Amino acid sequence: FAALSRGLVCSRRLFSTTTAATAATAKLKKKADPMPPKGKKGAAEEPKAVLGRLSHSLSAGIVGMPNAGKSTFFNILTGSSVPAEAYAFCTIDPSNARVAVPDERFDWLVDHHKPASVVPAYLNVWDIAGLVKGASSGAGLGNAFLSHIRATDGIIHLVRGFDDVDVPHEEVDVNPVRDSEIIRDELLVKDKETMEGRYAVLEREH
């Protein structure tokens, strides 16, 4: 009984010593690494993206000169049936469709793991009205359609390479290189305006 009592006393002292050491360690850790205060005031602000958009979905706009075949390509790509007539600016309001993105790697994973649900990647495709030379200055249907392009994450630039007397060309003759440069230059002008505006905002903020 005496030996048992001495054992209990020793165990109690050891427990007390361990508890005190644990409390001291926790106190030091709290001082070294304090928890951030609760609420929005203590939360660190996420850095703002200077360029681009943060999104879980992607969108692409089909751009090009009028009568380049954009609406026809849109219909083939998406299985839609938007009007695709042989006259300039047949498309005014942009059309949109959601298309599954084929991926052999995704198909392999589905075949091997047999998930309960299958959700492939999707791309939102926009059929945007044709751009003409001087669109950035208001020519043709002007800046409204350049703003539609700006709202997408990327562009699909379609250039006409066919000649058809029943399908008129904005620049009279078919010249894919010239048409590509016209679209490029119009987009560059709007990009420059966007960058200058954003730069002015950043200057004011800093």
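How many bridges join strand β2 (residues 95–100) to β3, and do the strands run parallel or antiparallel? In this predicted model, local features need pLDDT of at least 70 and side-chain atom pairs pLDDT 80 or more, whereas totals for chains, interfaces and linings use all residues. Residues are numbered from 1 along each chain as its sequence is written, and side-chain values use heavy atoms, without hydrogens and water.

Strands β2 and β3 are joined by six bridges and run antiparallel; strands here are DSSP runs of E with at least two residues, helices are runs of H or I with at least four, and both are numbered from the N terminus. Pairing of two strands requires at least two DSSP bridges between them. In β3, Leu123 is the residue opposite Val99. Strand β1 (residues 58–63) runs parallel to β3 (residues 122–127), with five bridges, and Gly61 faces Trp126 of β3.

Arg160 is located in the loop between β4 (154–157) and α5 (176–205). This residue is buried (under 20% relative accessible area, 1.4 Å probe, protein chains only). No salt bridge (a side-chain nitrogen of Lys or Arg within 4 Å of a carboxyl oxygen of Asp or Glu) is formed by Arg160. Asp163, the nearest side chain of opposite charge, is 4.6 Å away (Lys and Arg count as positive, Asp and Glu as negative; His and the chain ends are not counted). The side chain of Arg160 does reach the backbone oxygen of Val167, at 2.8 Å, and one of its polar atoms lies 3.4 Å from the backbone oxygen of Asn67.

Methods. Buried means under 20% relative accessible area, exposed over 50%, partly exposed in between (1.4 Å probe, protein chains only). A polar contact is a pair of N or O atoms within 3.5 Å; within protein, one must be able to donate a hydrogen and the other to accept it, and residues adjacent in sequence count only if both atoms are side-chain atoms.
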